[in-house]
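Open the model in your viewer and keep the selection panel at hand. Each stop below tells you what to pick and what is there.

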Amino acid sequence: MTLTELRYIVAVARERHFGRAAEACFVSQPTLSVAIKKLEDELDVKIFERGASEVSVTALGEDIVRQAQAVLDEAAAIKEIAKRGKDPLAGPLRLGIIYTIGPYLLPDLVKQTIEQVPQMPLMLQENFTVKLLEMLRTGELDCAVMAEPFPDTGLAIAPLYDEPFMVAVPRQHALAKRESVSSEEVKRETMLLLGTGHCFRDHVLEVCPEFARFSSDAEGIRKSFEGSSLETIKHMVASGMGITVVPQLSVPSEPQAHVAYVPFRDPVPTRRVVLAWRRTFTRYEAIAALRNAIYACELRGVQKLS
């Protein structure tokens, strides 16, 4: 077997489609298909079940693909070891980040990395937590900034900061004049939530689980609405459609004409933001440099963690 064949089966397992996997590997589909059939014949096992519209991985194939990824990681580590002998920070770092952190951390983070480690450009990917975890597992990403909790996937984890939540309300709303609000008071309002898939939606529902019912006649609750991004929801708040809960870093530094941001009363709900990477990833200096760049960011109102 060859490393090329291992790359092919990892690509097919990721794409669940021979054509897309071939495109990702920059080869023709027949070339990829023949190589995978050769590997299956050599191992005398079936790695994939070929369907009419989608390819699935067999139970044994899952183990083979997982081991193939580990082999590819180890092979890539040889090149990384050689690079580290010259410059341990040389080359791009593939960083994933969730949607509710990216817009508020990346502008400052990119600036800090350019200043501190210009030889290590960031290749950025915004996505949902579940997709970033998959991309870490398959080696498409080197590391990712996410919010806990998420499934234990055997990744190395470094805590970055604890971020409090705040309540965003229309400027003319009665709560806008308050110094703080409780989660009980928030329950009585029309809540605007992020759509399914966003982990921050789950964080908000932990603070106010009543909104998970989405019932227009539940006691103390009117209808809940959904938005595609925090910024979209803020515009909905500004137009008077309801209130929402936002992370501290998304709060503008200057007062807004139509939206007021009010702190929660103790105990203040928070989320823990962490940096995660595969334990087989060998560019330790790159991870350390990224953490230093994150700590150099302003990060207003959060508690940085060592």
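Select C143 first, then W277: C143 stands opposite W277, a residue of strand 11. The model you are looking at is predicted.

Now widen the selection to strand 5 (residues 143-147) and strand 11 (residues 270-277). These two run antiparallel and are joined by five bridges.

Next, add strand 3 (residues 93-98). Strand 3 and strand 5 run parallel, with three bridges between them. To find one contact point, pick G96 and look across to A144, its bridge partner in strand 5.

**Both faces of strand 5**

Hide strand 3 and strand 11 and show the side chains of strand 5. Which residues of strand 5 point one way, and which the other? C143, V145 and A147 point one way, while A144 and M146 point the other way. In a regular strand, side chains alternate between the two faces of the sheet.

Are the residues of strand 5 buried or exposed? Five of the five are buried, so strand 5 is largely enclosed by the rest of the structure. Buried here means under 20% relative accessible area.

**The largest pocket**

Turn on a surface and select R7, L72, A76, R94 and G139. Among the residues lining the largest pocket, these lie nearest its centre. The lining comprises 29 residues, and the volume is about 870 Å³.

Colour helix 1 (3-15) and helix 4 (59-86). Each supplies at least two residues of the lining of the largest pocket. Helix 4 gives the largest share of that lining, with nine residues.

Now colour the lining of the largest pocket by class. You should find 12 nonpolar, six polar and 11 charged residues.

**The second largest pocket**

Move on to R66, R137, T153, L155 and R278. These lie nearest the centre of the second largest pocket. Its lining has 13 residues, and its volume is about 320 Å³.

Keep helix 4 coloured and add helix 6 (129-137). Both helix 4 and helix 6 supply at least two residues of the lining of the second largest pocket. Which helix gives the largest share of this lining? Helix 4 does, with four residues.

Colour by class once more. The lining of the second largest pocket has three nonpolar, four polar and six charged residues.

**Last view**

Finish with helix 4 alone on screen. Helix 4 provides the largest share of the lining of the largest pocket, and also the largest share of the lining of the second largest pocket.

Key. Residues numbered from 1 in each chain as written. Predicted model: local features only at pLDDT ≥ 70, side-chain atom pairs only at ≥ 80, totals over all residues. Heavy atoms only, no water. 1 Å grid on protein atoms, 1.4 Å probe; cavity = no way out; pocket = protein on both sides within 12 Å on 5 of 7 lines; lining within 4 Å. Points joined across faces, edges and corners; volume = space filled by probe spheres on them. Nonpolar A, V, L, I, M, F, W, Y, C, P; charged D, E, K, R; others polar. Buried < 20%, exposed > 50% of the residue type's maximum accessible area, 1.4 Å probe, protein only. Pairing = 2+ DSSP bridges.
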